[in-house]
Amino acid sequence: MYRRNAGRQPSEHLVSKLRSHEDLQRRCGPGTAAYSAALEQLKSGKSPAASPECRYLVSISYRGLGNRILAAASGFLYALLTGRVHLVDPSNQMDDLFCEPFTGTTWLLPPGFPLVDYQSFYLHTAQRYGKMRENRVLRPESPDAPVSGGQATAAVAVLPAFAYIHLDYNQTDYDQLFFCDEDQRLLSNIQWLVVRTDSYIVPGLFLVKAFQDELAELFPERDAVFHHLGRYLFHPTNHVWGLVTRYYRGHLAWARRRVGIQVRVSSWESESPELLKTITTCTQEEGLLPRVLGKDQEPPAVTTTAAAAARRGLTSIAVVVTSLKSWYYEKMKGMYWEQATATGEVVVVDQPSHEEHQLYGVKAHDRKAWAEMYLLSLTDMIVTTGTSTFGYVAQGLGGLTPWVLPRGEVNGTAPPCRRDMSMEPCFHVAPLYDCKRWEDAGKIVPHVRHCDDMPAGLKLV
Ligand code: GDP
């Protein structure tokens, strides 16, 4: 109810698929006989010979919160497409920040998982899928077998109980075979998959032929995939919700217009007057915020009813800035206090926190980060910083196509910001290989294109 932008409607097919997926999570999830049996199977080291009723995907949670959220959403969609139970690694506050998305069960991987060191699975891991493919320990077979139903015949007599899917930034060409049909067919016979990604791999899933029909039915609007997944999966726990509501009531509720500005800077970067200028030029030229008059100029005489209302404080604009630093917000706040706006509107600029440094494993820090992403998503218009997964989460939840600021060094000749192609996140480490040849993955299907903010990446439009 805090959002003026109600967002998109999910398709009926998506809704019914979510209901049946929730049943699967309850039927096979932690605490069930099926789960205990699957753990025993995992300990045995082999996947069952006959297709098992319950198969699993474990997502490792690592890096910043935006990364962890995008990775969990990606893992969930993959699980939905392939009929696997999705279990999230609870570390890094994933158990503290979000309500359980499926009623009657948990999506958190319980303690005592037999693969005790799964959080440190990496390139060296013997069961890495790319490595097993490279060494020909695993080989896909005939392309005629079905992909996601778990009915395919095994390529080798005995499949391992699990495979580790390595989709971190340093994935090899063999790891990228994950995005190929034949490999998906092979993977469907392995009971447990453990996946490491910090990325939004969804655009890559749209390139897998076997998933394309189902994805089209689930998401007739392809530019709203994370929007739906995010709103379904990620609900702040009470403490975080307290941070959201208290800020909302105090700083956003009363405003005629709410504008979010995400200034993603690192602690070692010094304050940049160029970036500040970019932000003010962007917001004023694109019509998000009113221009300011010169320091000694008086606001315009009251000539219209709108201006009269503005003078009486009835129309005002609330700006929520999020950043690790407070300098940008202080400068903007000062500017709108010291100088009148050309429209007579009042602009109130505020920032919930300035944590100065990005911290890992600190509960209070992560809670603020999540609350701030959520607050940005409650605005009417949003400015984000290019390549930031923090911004991607906010724009997707809000259903807002952002204006994007450049990340890093500001180039004086470039436009201050540009409107993105869609509200979808960018898949930063996208595959380069179309499963048969080296091909520009941004040209395979019309709705998967290269991102403006990261040209090697892919996004849905
Ligand atoms: P990305 O690095 O921009 O892609 O975003 P991530 O969310 O993955 O990682 C950045 C992390 O730094 C966040 O999760 C926070 O821990 C911290 N951080 C960065 N910007 C902000 C901010 O504006 N507010 C808060 N509270 N934390 C931030």
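How many of the 18 residues of α3 are buried? Let's look through this predicted model one view at a time and find out.

**Figure 1. Helix α3 is mostly covered.** Here is the reply to our opening puzzle: 17 of the 18 residues of α3 are buried. The length of this helix can be checked with a simple rule. At 1.5 Å a residue, α3 should span 26 Å, and its end C-alpha atoms are 26 Å apart, so the rule and the model agree. Just after α3 comes G83, a residue with a positive phi, near 65 degrees.

**Figure 2. The whole protein chain, for orientation.** Before zooming in further, it helps to see the setting. The protein chain contains 15 helices and twelve strands. Its C-alpha atoms fill a box of roughly 85 × 45 × 45 Å along the principal axes. A compact globule of 461 residues would have a radius of gyration near 23 Å, and the protein chain has 24 Å, which agrees. Of these 461 residues, 45% count as buried. The chain also brings together residues from far along the sequence: among contacts between residues at least 6 apart, 76% join residues at least 24 apart.

**Figure 3. Two domains meet.** The protein chain is divided into domain 1 (12–232) and domain 2 (238–429). Their centres, taken over C-alpha atoms, are separated by 36 Å. Where they touch, 24 residues of domain 1 are in contact with 23 residues of domain 2. On the domain 1 side, the elements giving two or more residues are α3, α4 (94–97), α7 (202–205) and α9 (225–233). That side has eleven nonpolar, ten polar and three charged residues.

**Figure 4. The ligand and its shell.** Where does the ligand's shell lie with respect to the two domains? Domain 1 and domain 2 both give residues to the shell, so it lies between them. In total, 19 residues surround the ligand, and the closest are G64, L65, G66, S388 and T389. By class, the shell has four nonpolar, ten polar and five charged residues. Four elements supply at least two shell residues each: α3 (65–82), β6 (316–323), α14 (363–377) and α15 (389–398). You have already met α3 in Figure 1, where most of its residues were buried.

**Figure 5. Helix α14, the element that gives the most to the shell.** This helix contributes four residues to the shell around the ligand. From its first C-alpha to its last, α14 reaches 21 Å with its 15 residues, close to the 21 Å expected at 1.5 Å a residue. Eleven of the 15 residues are buried, so α14 is largely enclosed by the rest of the structure. Among the buried ones are D366, R367, W370, E372 and Y374. When you look along a helix, keep in mind that an α-helix has 3.6 residues a turn, so residues three or four places apart point the same way.

**Figure 6. P402, a buried residue in a loop.** P402 is found in the loop between α15 and β9 (403–405). Is P402 buried or exposed? It has 27 C-beta neighbours inside 10 Å, and 20 or more are needed, so P402 counts as buried. Leaving aside its neighbours within four places in sequence, P402 is in contact with I382, V383, T384, G391, Q395 and D420. You can also look for E424, which is 22 residues from P402 in sequence and 9.8 Å from it in space, C-alpha to C-alpha.

Methods: Residues numbered from 1 in each chain as written. Predicted model: local features only at pLDDT ≥ 70, side-chain atom pairs only at ≥ 80, totals over all residues. Near = placed C-beta within 6 Å. Nonpolar A, V, L, I, M, F, W, Y, C, P; charged D, E, K, R; others polar. Domains from an automatic or database assignment. Contact = placed C-beta atoms within 7 Å. Rg over C-alpha atoms; globule rule 2.2 N^0.38 Å. Buried ≥ 20, exposed ≤ 12 C-beta atoms within 10 Å, placed from the backbone. Expected span 1.5 Å × (residues − 1).
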